[in-house]
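Please work through the exercises below with the sequence and the coordinates open beside you, and attempt each task before reading its solution.

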Amino acid sequence: MTVLTLVFVAVIQSAGTSRVTPFNETNRKYLIRGMLIAGVVIALASLIPWPHSVSSANKAIQINATGYQWYWELDKEEVPVGTPVIFNVHTKDVTHGLGVSDPKGNLLFQTQAMPGYVNRVKYVFSKPGTYKILCMEYCGVAHHDMMSEIKVVRK
Ligand code: CUA
């Protein structure tokens, strides 16, 4: 953004003047080459998986969350604070939406529970408490009752 801003400022300052000199041509070549190299380096760097995400995935806790009309089946109901939790979300009947809200009712994340698919969401709970598992997709007459809880505890 900074480079782009500087380029715009240079273009605006030189607008209306005809200062095409060998010096400007050389600068432009260096600028274009520099931006190309920076673009390639940034693209390659952003494709490399970060070490912390690999290590945190190794110690992550898995929760299998299955949606049914109209309840959630969770194979764990208690997780520790500060540990990555991977929710494997799927459904045995219709499409549901798994949403997790904190003890104050703020929605933290959500994903769809779709027949034939397992959607994975990773989340790290930073505070202990009782978190609600909600259904975020209308799935029938008792959709509003489709709630469950998980407890986040200090080890
Ligand atoms: Cu399940 Cu709405």
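The exercises that follow concern a predicted model, and they go from a sheet to one of its strands and then to a nonpolar core.

**Exercise 1.** Determine the strand order of the open sheet of 5 strands, and explain why β3 and β6 each have one side without a neighbour in the sheet.

*Solution.* Reading across the sheet, the order is β3-β9-β8-β5-β6, and the pairing is mixed. The strands β3 (78-80) and β6 (107-113) stand at the edges with a single partner strand each, and therefore one side of each has no neighbour in the sheet. On average, neighbouring strands of this sheet are turned by 25° against each other, direction ignored.

**Exercise 2.** Establish how many bridges join β5 to β6 and to β8, and find which residues stand opposite L98 in each partner.

*Solution.* Begin with β6, which is joined to β5 (residues 96-101) by 6 bridges, the two strands running antiparallel. Turning next to β8, one counts 4 bridges to β5, again with an antiparallel course. L98 can now be placed between its partners, since it stands opposite T111 in β6 and opposite C135 in β8. S101 can be treated likewise: its bridge partner in β6 is L107, while in β8 it stands opposite K132. From K132 the path continues to β9, where E149 stands opposite it, and β8 and β9 are antiparallel strands joined by 5 bridges. Finally, β5 and β6 form a hairpin with 5 residues between them, and in the turn G105 has a positive phi of about 95°.

**Exercise 3.** Decide which residues point each way from β5, and whether they are buried or exposed.

*Solution.* In a regular strand, side chains alternate between the two faces of the sheet. One group, made up of H96, L98 and V100, points one way from β5, whereas G97, G99 and S101 point the other way, and all of them are buried, that is, under 20% relative accessible area. Because 6 of the 6 residues of β5 are buried, this strand is largely enclosed by the rest of the structure.

**Exercise 4.** Identify the residues with the most contacts inside the largest nonpolar core, and trace the contacts of F125.

*Solution.* This core has 22 residues, and those with the most contacts inside it are F87, L98, F125 and I133. Among the elements that give two or more residues to the core are β1 (61-68), β4 (84-91), β5 and β9 (148-153). If residues up to four places away in sequence are not counted, F125 touches, among others, V79, F87, V100, L108, Y131 and I150.

Notes. Residues are numbered from 1 along each chain as its sequence is written. This is a predicted model: local features need pLDDT of at least 70, side-chain atom pairs count only at pLDDT 80 or more; totals for chains, interfaces and linings use all residues. Side-chain values use heavy atoms; hydrogens and water are left out. Two strands pair if DSSP finds at least two bridges between them. Axes are lines fitted to C-alpha atoms, for helices over the stretch in contact, and angles run from 0 to 180 degrees between N-to-C directions. A nonpolar core is a set of buried Ala, Val, Leu, Ile, Met, Phe, Trp, Tyr and Cys residues joined through side-chain atoms within 4.5 Å. Buried means under 20% relative accessible area, exposed over 50%, partly exposed in between (1.4 Å probe, protein chains only). Contact means heavy atoms within 4.5 Å.
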